[in-house]
Amino acid sequence: MNPVIVVGAGPVGLSAALALRAQGLPVVLLEADPEDRERPGSRALFVHRETLRTLDDMCPGLAAEITSYGRTWHTRRTLYRGREVYARTFPPPSGLPPFTSLRQVDTERFLRAACERAGVEFGWATRIVGVDTSPSGVTLVGEDGQEWNAKYVVAADGARSTVRRALDIAMEGVRGEGFHVVVDVADVPDAELPLERVFHYEHPGVGGRSVMRVPFTGGFQVDLQCRDDDPEEAYGTEDAVREWLPGVVGEGYADRILWVSTYRFLRKVAASFTDPHRRVLLVGEAAHLFPPFGARGMNSGIADAAAAAQAVAAGTADAVAGFADVRRAAGLFNSEAAGVALDHLRPRRRIVRLRQRAAAALAPVLPSCGSWLEHAPYGPRGGAPAVAGGKY
Ligand SMILES: Cc1cc2nc3c(=O)[nH]c(=O)nc-3n(C[C@H](O)[C@H](O)[C@H](O)COP(=O)(O)OP(=O)(O)OC[C@H]3O[C@@H](n4cnc5c(N)ncnc54)[C@H](O)[C@@H]3O)c2cc1C
């Protein structure tokens, strides 16, 4: 049997390969980077329970492996200009936790090991530069001219997807104003910050900019929301972070910065998740881009991967068309949801900011106001068949 080819060994490509193996199909995974590459930063920290279940269906025991390494906090806290407006501690769940938090590089480590155990064949340092589809299959061309033929290709080659571009499939959507700075900081051993997710509106320690802190195994991620007219070099370099970080988490972390990056809110969905011959299936960031708030990127990418493997196993044009329709609908749902979160986080209308201020003032007597401030930054949750939801 000709193997199915997956392009890209990010979390979504690895999941797709694992899902295809679970369907009993041979898989070759082609990745542009070398085998010993180093992946940057924490990035997608948050793995939802639905995603854990999906991964466990692909590889029984994988969810337990990931959750025993990741961290689950039971307290969520929201502050407004230095004053707490919401705090809730949930009892530890029995069974699978509602989520687990670990750096994307660690999630990828678990996925890769599972792929190796499942017999996925890897082609490292193999960059795909050309794609040709026909009613009977796909030909891929590598940088060195080598060709691969397959009946189906799952394209998980990320935001700048060569496969998507070669098929001339457009990304449709918008790019937000302003930028965020994201910083990974290592814990101080024996003096770890409390295990809780904290969102702080208009933090007085950093000139009234909003900040979120999310724990992961070994440290925490800080997300600083800059103003539209903030110069990137004033907040987004490692030197700049050393200046503002103490105002947010206290002294003692300047030498513990692991990674600094900036990003802008992108909400984009591919015009189609497949080619006209229904032979290539786009998944993950090759098919959609969402902002980190709401944790929709990797989580919905893994749902794409599972759906793609089912369609390939069914082996019909209708199944692939069904995959493309359902996952694109999920992408559009997630894009809308991220837009709602964005309207809250970066309000264009003064009334939204006034409403937030009023809710903060009323929160001590009206808990629903604190609850709204707590939940709104992540957008609406749920919405089958999408995988969506807030950071707990
Ligand atoms: C700051 C930040 C925070 C985030 N937080 C979250 C979060 O909390 N939760 C969440 O769900 N998501 C989050 N995300 C998004 C998440 O990181 C992405 O959704 C995820 O990396 C996408 O995975 P992917 O496998 O689709 O693509 P990628 O991880 O980009 O992997 C694509 C792979 O394809 C390879 N490749 C590219 N081109 C080729 C080619 N031509 N040939 C062969 N191989 C190729 C690349 O080398 C790469 O290995 C965050 C992102 C950022 C930047």
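This is a selection-by-selection tour of a predicted model.

**Stop 1: the main core**

Start with Ile5, Leu20, Leu62, Leu140 and Val154. They have the most contacts inside the largest nonpolar core, which counts 68 residues. Now add helix H8, residues 297–314. H8 supplies the largest share of this core, eight residues. As background, nonpolar side chains tend to be buried together in soluble globular proteins.

Keep Val154 and show its contacts. Setting aside residues up to four places away in sequence, Val154 touches Val4, Ile5, Val6, Val7, Ala16, Leu20, Leu281, Val283, Ala308 and Val312.

A second core is separate from this one and holds 25 residues. To find this second core, select Trp73, Val85, Phe99 and Phe265, which are among its members.

**Stop 2: Val6**

Go to strand E1, residues 4–7, and pick Val6. Is Val6 buried or exposed? Its relative accessible area is 0%, so Val6 is buried. Beyond its neighbours within four places in sequence, Val6 is in contact with Gly13, Ala16, Ala17, Leu20, Val27, Val28, Leu29, Leu30 and Val154. Next, draw a distance from Val6 to Val280. Their C-alpha atoms are 9.7 Å apart, with the two positions 274 residues apart along the chain.

**Stop 3: helix H2 and its two partners**

Select H2, residues 49–58, together with H8. The two helices pack at about 35°, and their axes are 10 Å apart. Their crossing is left-handed. Show side chains at the contact: Thr51, Thr54, Leu55 and Met58 from H2 meet Asn299, Ile302 and Ala306 from H8. This H2–H8 contact has four nonpolar residues, three polar and no charged.

Now swap H8 for helix H3, residues 62–69. H2 and H3 pack at about 135°, with axes 7 Å apart. Why is this pair called oblique? Roughly antiparallel needs an angle over 145 degrees, and roughly perpendicular ends at 115, so H2 is oblique to H3. On the H2 side, the contact uses Leu52, Leu55 and Asp56. On the H3 side, Leu62, Ala63, Ala64, Ile66 and Thr67 take part. By class, the H2–H3 contact has six nonpolar residues, one polar and one charged.

Leu55 of H2 is worth a label here. Leu55 appears in the contact with H8 and in the contact with H3. Leu62 of H3 also deserves one: Leu62 contributes to the contact with H2 and is listed among the best-connected residues of the 68-residue core.

**Stop 4: Pro97**

Move to the loop between strand E5 (83–89) and strand E6 (99–101), and select Pro97. Pro97 is buried, at 12% relative accessible area. Leaving out residues up to four places away, Pro97 touches Arg49, Leu52, Thr67 and Thr72. Leu52 and Thr67 also belong to the H2–H3 contact. For a long distance line, take Pro97 to Glu172: the C-alpha atoms are 35 Å apart, with 75 residues separating them along the chain.

**Stop 5: Tyr201 and the H10–H11 pair**

Select Tyr201 in strand E14, residues 196–203. Tyr201 is buried, with 3% relative accessible area. Apart from residues up to four places away in sequence, Tyr201 touches Thr78, Leu79, Tyr80, Arg81, Ser210, His344, Gln356, Leu373 and Pro377. The C-alpha atoms of Tyr201 and Gln356 are separated by 9.1 Å, at 155 residues apart along the chain.

Follow Gln356 and Leu373 to the helix pair. H10 spans residues 350–362 and H11 spans 367–375; they pack at about 130°, with axes 7 Å apart. H10 and H11 are therefore oblique to each other. The crossing is left-handed. H10 brings Arg355, Gln356, Ala359, Ala360 and Leu362 to the contact, and H11 brings Cys369, Trp372 and Leu373. Six of these contact residues are nonpolar, one is polar and one is charged.

**Stop 6: two positive phi values**

Finish with the backbone. Arg43 sits in the loop between strand E2 (27–30) and strand E3 (46–48). Its phi is near 45°, a positive value in a non-glycine residue. Arg43 counts as partly exposed, at 34% relative accessibility.

Then select Asp168, in the loop between helix H5 (162–166) and strand E12 (171–175). Its phi is near 60°, also positive without being glycine. Where Arg43 is partly exposed, Asp168 counts as exposed, at 71%.

Conventions:
Residues are numbered from 1 along each chain as its sequence is written. This is a predicted model: local features need pLDDT of at least 70, side-chain atom pairs count only at pLDDT 80 or more; totals for chains, interfaces and linings use all residues. Side-chain values use heavy atoms; hydrogens and water are left out. Axes are lines fitted to C-alpha atoms, for helices over the stretch in contact, and angles run from 0 to 180 degrees between N-to-C directions. Helices (H or I, at least four residues) and strands (E, at least two) are DSSP runs, numbered from the N terminus. Angles under 35 degrees count as roughly parallel, over 145 as roughly antiparallel, 65 to 115 as roughly perpendicular and the rest as oblique. A crossing is left-handed if the near helix is turned anticlockwise from the far one by less than a right angle, and right-handed if clockwise. Contact means heavy atoms within 4.5 Å. Ala, Val, Leu, Ile, Met, Phe, Trp, Tyr, Cys and Pro count as nonpolar, Asp, Glu, Lys and Arg as charged, and the others, Gly among them, as polar. A nonpolar core is a set of buried Ala, Val, Leu, Ile, Met, Phe, Trp, Tyr and Cys residues joined through side-chain atoms within 4.5 Å. Buried means under 20% relative accessible area, exposed over 50%, partly exposed in between (1.4 Å probe, protein chains only).
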